[in-house]
Every structure is written in C-alpha cells, then in structure tokens.
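Subject: Structure handover and findings

Dear colleague,

Please find below the structure I promised to pass on, together with its sequence. My notes on what was found in it follow directly after.

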Amino acid sequence: MLLLLPPPGVSQFQPQRTLRALQVTSDRGVHDMPLASNQLTEPSKVTLLDCTLRDGSYAVDFQFDEGFVTHLLSRLNDTPIRKVEIGHGIGLEAERSGIKAGNIGHYRWCEIADSTLTNTSWGMFAQPEFTRLDTVADLSDRGMSFVRVGMEPDRVADNLDYIERATDVCEEVYLNLMKTSATPADQLLDMLDGVTSSITGVYVVDSYGAMLPEDVQRYVSTVKERFPVVGFHGHDNLGLANINSITAMQAGATVVDGTLNGIGRGSGNAAIESLAGILKIREGDLFDYQELAKLAECCRVNMDVIREDRTMQVLGGVIGIHSGFFPLVEELAAEYHTDPARLMETAVVIAEQSPRKADFQIAASQIADQADLPNKVSV
C-alpha cells in the first residue's frame, strides 16, 4: 500500500555547529581525518541531484510501481530539489546490450516526468556502448534537459566524438567518470584531454564506495583545475557516502548526488535527506530536509529493496571492485576453492585500470596454477 505523506512543515530551529574533522580511533591511537576545509561551496551554488529513480532501480531489479513513481516525483517537484534523474540504473537503452529491461520504458518515463516535474528538470544516464544519440535527441525533444554520459576515465579518449555529439542534441551533458578511484588523480586530467568546454560538467564517481574524504578532496580539486563545474556521486560501501559528499562540496563540487533513504546499487548512495539536513545545520534549510526525510520514509516503506551481501560490499569498498562483478567473483571463488578477497586482490594487481571480466578470469587461472588445480578458465 502506498504511503501518502502530509504537506511539508517548516522549522526555524537552526543549531550552530561545525564539521572540522573525523576523529578516528584505531590500534594506533586516536587521530584526526581532516576534511578539505571548514567552508562549503557557496550554498546558493550547490545543487543536490536526486537519483533515487535511477540508481535506486538497481535495488528493485529495475522494476518500479508506476503509481509510486508518479507520487514520488510529484512530491519531489514541490521541494527545492531542481534536478532529478530517472530511468534504467545502468543507462538509457541498457536492454540493447542484453541487460534486463526496466518495466517502465524510457518513453513512458518521459510521459510521467512531463506530467509531474513542472518545477524540476529531469534527465537520464547514458553509456556509449548501448545508448544511441538519436534516442537522446528524441528524449530531449520530449522534455529531457540533461544527460549524464558514463564511462571509465581510460575510455574517454575513444569516446570524444560521442561526448561532443551529445552536447549537440541535449541541453546539459555531464561526463561521469565511472570508477574514478581506479585512476591515480595525477593521471586523470591527461585522460580528459580533448574534452571541450561544451560539456556542462565532469563528475567524480566513487563507484566502489572506496574513497576516503582526503581522496574525494584530491580528485574533486584535480578536476576543478580544468572544469568549473564538478559533480560528485558517492556509494556507501564503507559508510562514507554522506561525509564524502560534504567533503566534495568543501573541495568545490557544485552538483552532488543523493538518493532518498540512500537507496541505490549495492550498499546504496549518500542519503539526500541527510545531506539536506547537514546543510540545514551548516548553512540553512536550502532543500527542505523535513520533506525529504518524509519522502525517504516513503521509499523505505514502499520500495521492496533486494538484500545485498554485506561481506561482498565491504570487500568491494576496501579492495576496489564494482558490485556488478560480485556474482562473477563468487562463481569463480567457489569453482576454484579460493577466497573472494584473494580473487579480487589478484584481479586488481592484474588490471591496468579498473578490473574487468578478463582480469578476474586471469586471476582465477593464476590462483589455480599456484594451487595446482586444473586450469578451467580460457581467456
């Protein structure tokens, strides 16, 4: 049953607090984990982007109740959130690559968004492997105002034409650097050579949920050297998505993603209601944190979220493995009687950038050779 929400309330309560550092206790004693600074990007320049109905689709196997979607978008439209991402979690037309299709097609998403988001711009996620620019153009004509084009940094050079042509057919184009942390920060800008100022902005993406606050500060600051608009998209494998998102703002990011109740792929994302609450404490109630909290509860009650293996989520965050590879890791680990962590660590050593399918297969083969097991993997 759909949980309907009361009208948003307003509170004038605003305690004065500061966030200076995380205090960490370990067997080496107590020490501070410094944040980028004690100053956020000028509040009026910060945009919180809600991607509950895109990243959150992973958590429901890409199957949404249409009535729930309509209700949620209608309520988001009445909040100060001014960017909402919708559609298939992996990207527009993901089904063209054999991935399970969502139960709501992209044209139906357009119709729902057009009827509900009268105050708020909406967009979708795209990947060059399967998203056709003709489709992006068609959806832009139907009201889509932004698209986020996702790829790993080492694939940018091969897709420069795609990125540039995307800017010809859509009003706002963001380049999302998937698995950013697999590329050393000092190599990142070289991989962005050829990306022109026609794009709206570049996103640092913590796909593994592996970044610490100092990593976020370094990557955001690096991208900011060349691109004035920097975004951040965090995952919560190690419980740092919220503080990493605040750190990104401190480092100069002006667009920061979140999902209601933190619902998203794997361990989820930064909780947008929490980000709004932190900003309320720091700067004022810019995004109506109380209404977002109610919408987060609505999502908690109404979304039948798939349970994730917490062990694998933590391993992925620490070692640096995308959750999309977890089924393959578990399959190979069982076949070769090895520990998933060992397999992940070996694949990371083998990979030139972020580990891909072949890297896990080679890792399994190496482990098998070391254990004198039959080599069952062909690459």
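Is Glu152 buried or exposed? With a relative accessible area of 6%, Glu152 is buried, because the limit for that class is set at under 20%. Before going further, please keep in mind that this is a predicted model, and that every value in this message was computed from it.

To begin with the chain as a whole, the secondary structure comprises 13 helices and 10 strands, and 55% of the 379 residues count as buried. Among the contacts with a separation of 6 or more, 75% are accounted for by residues that stand 24 or more positions apart. The accessible surface of the chain is about 16200 Å², and carbon and sulfur atoms contribute 48% of that area.

Salt bridges

The total number of salt bridges comes to 19, and three of the pairs may be useful to you in some detail. Glu152, the residue with which I opened, forms a salt bridge with Lys179, in which the closest N and O atoms are 2.9 Å apart. Since Lys179 lies in the loop between β7 and α5 (185-191), while Glu152 lies in the loop between β6 (146-151) and α4 (160-169), the pair ties together parts that are 27 residues apart in sequence. Lys179 also counts as buried, at 8% relative accessibility.

A second salt bridge brings together the side chains of Glu172 and Lys83, with an N to O distance of 2.7 Å. Here Glu172 belongs to strand β7 (residues 172-177) and Lys83 to strand β4, so this pair ties together parts that are 89 residues apart in sequence. Both Glu172 and Lys83 are buried.

The third pair is formed by Asp55 and Arg54, whose side chains meet in a salt bridge at 3.8 Å, N to O. Asp55 is buried, as is Arg54, and for Arg54 the relative accessible area is 4%. Arg54 has its place in the loop between β3 (47-53) and α1 (66-77). Leaving aside residues up to four places away in sequence, Arg54 touches Glu85, Ile86, Gly87, His88, Gly89, Phe125, Arg148 and His233. Two of these neighbours, Glu85 and Arg148, return in a network of salt bridges that links them with Arg54, Asp55 and Asp257.

The largest pocket

About 1200 Å³ of space lies in the largest pocket. Its lining is made up of 43 residues, and those that lie nearest the centre of the pocket are Tyr58, Ile90, Arg265, His322 and Gly324. Two helices, α10 (310-319) and α11 (326-335), each supply at least two residues of this lining, and α11 gives the most, with 4 residues.

Backbone and strand details

Two residues may deserve a look for their backbone angles. Glu93, although not a glycine, has a positive phi of about 65°; this residue is found in the loop between β4 (83-86) and α2 (106-116), and Glu93 is buried, with a relative accessible area of 3%. Asp288, likewise a residue other than glycine, has a positive phi near 55°. Asp288 is found in the loop between α8 (272-282) and α9 (289-302), and at 14% relative accessibility Asp288 counts as buried.

Ser121 lies in strand β5 (residues 121-126) and counts as partly exposed, at 21% relative accessibility. The C-alpha atoms of Ser121 and Ser145 are separated by 6.1 Å, although the two residues are 24 residues apart along the chain. Not counting residues up to four places away in sequence, Ser121 touches Arg82, Lys83, Val84, Ser145 and Phe146; Lys83 is thus a contact of Ser121 as well as the salt-bridge partner of Glu172.

A surface patch

On the surface, finally, Leu238, Val314 and Val318 form a nonpolar patch, with about 220 Å² of accessible area together. Leu238 lies in the loop between β9 (230-233) and α7 (241-250), and is partly exposed, with a relative accessible area of 31%.

With kind regards

Technical notes:
Residues are numbered from 1 along each chain as its sequence is written. This is a predicted model: local features need pLDDT of at least 70, side-chain atom pairs count only at pLDDT 80 or more; totals for chains, interfaces and linings use all residues. Side-chain values use heavy atoms; hydrogens and water are left out. Buried means under 20% relative accessible area, exposed over 50%, partly exposed in between (1.4 Å probe, protein chains only). Contact means heavy atoms within 4.5 Å. Accessible areas come from the Shrake-Rupley method with a 1.4 Å probe; for residues, only the protein chains shown count as cover. Patches are made of residues with over 30% relative accessible area and no salt bridge: like charges are joined within 9 Å, nonpolar side chains (Val, Leu, Ile, Met, Phe, Trp, Tyr) within 5 Å. A salt bridge is a side-chain nitrogen of Lys or Arg within 4 Å of a carboxyl oxygen of Asp or Glu. On a 1 Å grid over the protein atoms alone, a cavity is a set of points where a 1.4 Å probe fits but cannot get out, and a pocket is an open set with protein on both sides within 12 Å along at least five of seven lines; lining residues have an atom within 4 Å of a point. Grid points are joined across faces, edges and corners, and a volume is the space filled by probe spheres set on the points.
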